[in-house]
Amino acid sequence: MNEEGESPLSDPDQSTGTAVLERPETKEETRQSDDGDADRFAHYVSRERIAESRMTGRPVVALCGKVWVPKHDPSQYPVCPDCKRIYEEMRR
């Protein structure tokens with residue numbers, strides 16, 4: 001608030017100071033990486049994204065929404081049922 005009791009944001013053209021906008025506190029939920037094998041499924045992700053992830057180390061997002069950095073051989077796991085269902089729906 002300025003000397004007159006008004007917020008500097010009420011008339012920004014007249015203000016020479018800096019105002020701070022307050023926003024409600026939000027809690028972000030983050031999922032810890034499970035290194036791609038905690039749920040023991042192979043997920044559907046484009047080959048380009050897999051290759052990019054292997055080069056950059058950035059996580060990929062599967063059709064089902066799982067986010068992880070691929071590190072294991074997907075042939076060792078059964079296909080994720082959600083990824084498979086979504087892929088089949090996309091092909092129709």
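E52 and R58 are joined by a salt bridge, with their closest N and O atoms 3.5 Å apart. (A salt bridge here is a side-chain nitrogen of Lys or Arg within 4 Å of a carboxyl oxygen of Asp or Glu.) Keep in mind that this is a predicted model, where local features need pLDDT of at least 70 and side-chain atom pairs count only at pLDDT 80 or more, while totals for chains, interfaces and linings use all residues. Residues are numbered from 1 along each chain as its sequence is written, and side-chain values use heavy atoms, with hydrogens and water left out.

**Salt bridges**

There are 4 salt bridges in the structure, and here are some of them.

| Partners | Closest N to O distance |
|---|---|
| R49 and E52 | 4.0 Å |
| E52 and R58 | 3.5 Å |
| R85 and E89 | 3.5 Å |

Let's start with R49 and E52. They sit 3 residues apart in helix α1 (residues 47-56), so about one helical turn separates them. (Helices are DSSP runs of H or I with at least four residues, strands are runs of E with at least two, and both are numbered from the N terminus.) R49 counts as exposed because its relative accessibility is 51%, while E52, at 35%, counts as partly exposed. The cut-offs work like this: buried is under 20% relative accessible area, exposed is over 50%, and partly exposed is in between, using a 1.4 Å probe and protein chains only.

Now hop over to helix α2 (residues 81-91), where R85 and E89 are 4 residues apart, about one turn of the helix. Shared partners then link R49, E52 and R58 into one salt-bridge network. Back in α2, R85 has 42% relative accessibility and counts as partly exposed, and so does E89 with 43%.

**An aromatic pair**

How many aromatic pairs does the structure hold? The count is 1. Y44 and Y87 have ring centres 5.2 Å apart and planes at 65 degrees, so the pair is edge-to-face. Y44 belongs to the segment before α1 and Y87 to helix α2, so this pair ties together parts 43 residues apart in sequence. (Rings of Phe, Tyr and Trp, the last through its six-membered ring, pair if their centres lie within 6.5 Å; planes under 30 degrees apart are stacked, over 60 edge-to-face, and the rest tilted.) Y44 is partly exposed at 25% relative accessibility, and Y87 is also partly exposed, at 32%.

**Inside the structure**

In soluble globular proteins, nonpolar side chains tend to be buried together. Which residues make up the largest nonpolar core here? The 7 residues are V45, I50, V60, A62, W68, C80 and C83. (A nonpolar core is a set of buried Ala, Val, Leu, Ile, Met, Phe, Trp, Tyr and Cys residues joined through side-chain atoms within 4.5 Å.)

Take C83 from that core: skipping residues up to four places away in sequence, C83 touches H43, Y44, A62, L63 and C64. (Contact means heavy atoms within 4.5 Å.) What about H43, is it buried or exposed? H43 is buried, with 13% relative accessibility, and its place is in the segment before α1. Leaving out neighbours within four places in sequence, H43 is in contact with A62, C64, K66, W68, C80 and C83.

How values were computed
Contact means heavy atoms within 4.5 Å.
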